[in-house]
Amino acid sequence: MHEAATDPRPMNGPEEAPAPSAAISVSAVIPIYNEEENLDELDAELRAVLCGLDRACEILYVDDRSTDGSRDRLRALVAQHAGHAVRTRLVLLRRNFGQTAALAAGFEQAEGEIVVALDGDGQNDPKEIPKLIETLEGGCDVASGWRRDRFDHWARVVPSRVANRLISSISKVDLHDHGCTLKAYRGDLLRELHLYGEMHRFIPVYLARQGARVVEVEVSHRPRRKGVSKYGSDRIFKVLLDLVLILFMSRYFTRPMHFFGQAAILFAGLFVAVGGLMTIFKLGLLPLIGIDYQADFVQTPLPALAGTLFASAVLSLFFGVLGEILIRAYFELQGLRPFVVQAIESSEGGEPLKRDGD
């Protein structure tokens, strides 16, 4: 264990001021998994930046059940900075759930009006946080980092760029770097968000579908100085599958009949086309369209194909109706609404309820 882990003495610096009583303005959320060697340097850099913001800030570390000494080191950092200007909290997950779950746990606990997320490997530079906050307060809802010059191995960079282009093309949210964790969000938007799978990289896509304004900000990137990367090439396939899910959730979650109904129409159209071809076979009209084929249509796969298409059309309609019933039960039983109110303005005067930048 680190020697500093048992040292309760506070560090010298501007963070020794008493903790502010004001509401938290900025929350920094950092998911951690086996990053013991990077924690001291990252914490010092992050604390220096947040102290320089001249506003109430907090640091939220989320330990994703690290197997090295990260958890003990994080506990020491929390104890070491007790009572300091930048509040430090630690969320401990019971097992390793993955980066998306770790971020979701941090977002759930974050109290800041602005929430900044960054990786725990030291490659995201905390000095970029003021730039992201300034962009956010300039009139957008998400300030998304873009690592133009990356210091990763080409085997990781090339697939990432391909995935970014594909995600931008399909989602219509044009970002160069969907995978950059370094982002700033309005806290009220994140508190309405539920993350699963590898969906942390799709937060801007999901929020944009809800009407949020997303702006990309170029940020610096640093080579990994200590520790080992946790990313593998298999993530690209998980990302593509999650992209299909997020697009369905954002476009058709409240109207599943539209999705399954379109599928039913497609299958029905194909069924009619195959039925027409079967009729041509049956009436012996193939020579009229330039095909010299004398077999009866029952000797072809057309009947089986027609039956499959018909059944698919009927099942699609069934799933559409079932989906509508489930969605209505989902909203009504929990008292939820399929919309989000941004502001309410009244003719009776008073300040309208709206966020900065509206």
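Is R222 buried or exposed? In this predicted model, in which local features need pLDDT of at least 70, side-chain atom pairs count only at pLDDT 80 or more, and totals for chains, interfaces and linings use all residues, residues are numbered from 1 along each chain as its sequence is written. Side-chain values use heavy atoms, with hydrogens and water left out. R222 counts as buried, at 14% relative accessibility; buried denotes under 20% relative accessible area, exposed over 50%, and partly exposed in between, with a 1.4 Å probe and protein chains only.

The chain has 358 residues, and buried residues make up 42% of them. Its secondary structure comes to ten helices and seven strands, where helices (H or I, at least four residues) and strands (E, at least two) are DSSP runs numbered from the N terminus. Contacts, defined as heavy atoms within 4.5 Å, often span long stretches of the sequence: among those between residues at least 6 apart, 79% join residues at least 24 apart. The chain exposes about 19500 Å², of which carbon and sulfur atoms supply 59%; accessible areas come from the Shrake-Rupley method with a 1.4 Å probe, and for residues only the protein chains shown count as cover.

In soluble globular proteins, nonpolar side chains tend to be buried together. A nonpolar core is here a set of buried Ala, Val, Leu, Ile, Met, Phe, Trp, Tyr and Cys residues joined through side-chain atoms within 4.5 Å. The largest such core has 30 residues, and V26, I30, L46, L50 and V116 have the most contacts inside it. At least two residues of this core are supplied by each of β1 (26-32), α1 (36-51), β2 (57-63), α2 (70-80), β4 (114-117), α4 (129-137) and β7 (214-219). Helix α1 gives the most to this core, with five residues. Apart from this core lies another, of 21 residues, including L60, A105, F107 and V142.

The surroundings of V26 illustrate the packing. When neighbours within four places in sequence are left aside, V26 is in contact with L50, L53, R55, A56, C57, E58, G112, I114, V116 and I133. In helix α2, the residues S70, R71, R73, L74, A76, L77 and Q80 are buried. The buried residues of α2 pack against β1, α1, β2 and β3 (87-92).

Charged pairs were examined next. Side chains of opposite charge can pair when their charged atoms come close. A salt bridge is taken as a side-chain nitrogen of Lys or Arg within 4 Å of a carboxyl oxygen of Asp or Glu, and a search of the whole structure finds 18 of them. One is formed by R47 and D43, whose closest N and O atoms are 3.1 Å apart. R47 and D43 are separated by about one helical turn, because they are four residues apart in helix α1. R47 is buried, with a relative accessible area of 2%, and D43 is likewise buried, at 1%.

Helix α1 also contributes E45, whose side chain meets that of R222 in a salt bridge (3.0 Å, N to O). Since E45 lies in helix α1 and R222 in the loop between β7 and α8, the pair ties together parts that are 177 residues apart in sequence. E45 counts as partly exposed, at 22% relative accessibility. The loop that holds R222 runs between β7 and α8 (235-252). A polar atom of the R222 side chain lies 3.4 Å from the backbone oxygen of N124. Not counting residues up to four places away in sequence, R222 touches E45, G122, Q123, N124, D125, P126 and F151.

A further salt bridge joins the side chains of R87 and E58 (2.5 Å, N to O). R87 lies in strand β3 and E58 in strand β2, so this pair ties together parts that are 29 residues apart in sequence. R87 is partly exposed, with a relative accessible area of 30%, whereas E58 counts as buried, at 0% relative accessibility. Salt bridges that share partners join E58, R87, R89 and E111 into one network.

On the surface, L315, F318, F319, L322 and L326 make a nonpolar patch of about 480 Å². Patches are made of residues with over 30% relative accessible area and no salt bridge, like charges being joined within 9 Å and nonpolar side chains (Val, Leu, Ile, Met, Phe, Trp, Tyr) within 5 Å. F319 is found in helix α10 (residues 302-334) and is partly exposed, with a relative accessible area of 39%.

Methods:
Polar contact = N/O pair within 3.5 Å; in protein donor to acceptor, adjacent residues only side chain to side chain.
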